[in-house]
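User: I am new to this structure and would like to understand how its charged side chains are paired. Please take me through it step by step.

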Amino acid sequence: FRPFGCREGALLRIFQQREKALEEEVARLQAARELESTVHAAAAAWVERKTEKLAEEKDEWDTTFERDSKRQEEEVQALTKAHAALLQEKETILAKLEKDEQKLFDAEAADRRALEVKADRAVQ
């Protein structure tokens, strides 16, 4: 083997420097890819946890909504029945009041007629 000349030695050094720079770049890119993969996995895990938590909260809200809606519907039905019963009671009371007023009116009219008859007899 013959020793490298100056020119070959210089080219060899340049090649070795470029090779070292490329190896460092490859190492840096691999580290960046690993970091990106780690961050991606962490973000994906966070999104999965958040999605599950939101699904659970939605289920809780759905359950609460159903329960509250059912309770409110039952309250509306109870109030509707109570309202109907009160209307019926009001009608009954108004009918009785009208009947009592008519009896009172008839009694007063009978009393007036009796007084008129008595007055007419007293005049004769």
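Analyst: In this predicted model, a salt bridge links the side chains of Asp68 and Arg67, with an N to O distance of 4.0 Å. Through salt bridges that share partners, one network joins Arg67, Asp68, Arg71 and Glu75.

User: Is Asp68 buried, partly exposed or exposed?

Analyst: Asp68 has a relative accessibility of 27%. Buried means under 20% and exposed means over 50%. Because its value lies in between, Asp68 counts as partly exposed.

User: How many salt bridges does the structure hold?

Analyst: The pair Asp68 and Arg67 is one example of a salt bridge here. Side chains of opposite charge can pair when their charged atoms come close. For the structure, the number of salt bridges is 6.

User: Which residue forms a salt bridge with Glu25?

Analyst: The partner of Glu25 lies in helix α1, as Glu25 does, and the two are 3 residues apart, about one turn of the helix. Glu25 is partly exposed at 33% relative accessible area, and its partner is partly exposed at 46%. The closest N and O atoms are 2.5 Å apart, and the partner is Arg28.

User: How far apart are the closest N and O atoms of Asp62 and Lys58?

Analyst: Both Asp62 and Lys58 belong to helix α1, where 4 residues, about one turn of the helix, separate them. Asp62 is partly exposed, with a relative accessible area of 36%. Asp62 and Lys58 form a salt bridge, and the distance between their closest N and O atoms is 2.7 Å.

Key
Residues numbered from 1 in each chain as written. Predicted model: local features only at pLDDT ≥ 70, side-chain atom pairs only at ≥ 80, totals over all residues. Heavy atoms only, no water. Buried < 20%, exposed > 50% of the residue type's maximum accessible area, 1.4 Å probe, protein only.
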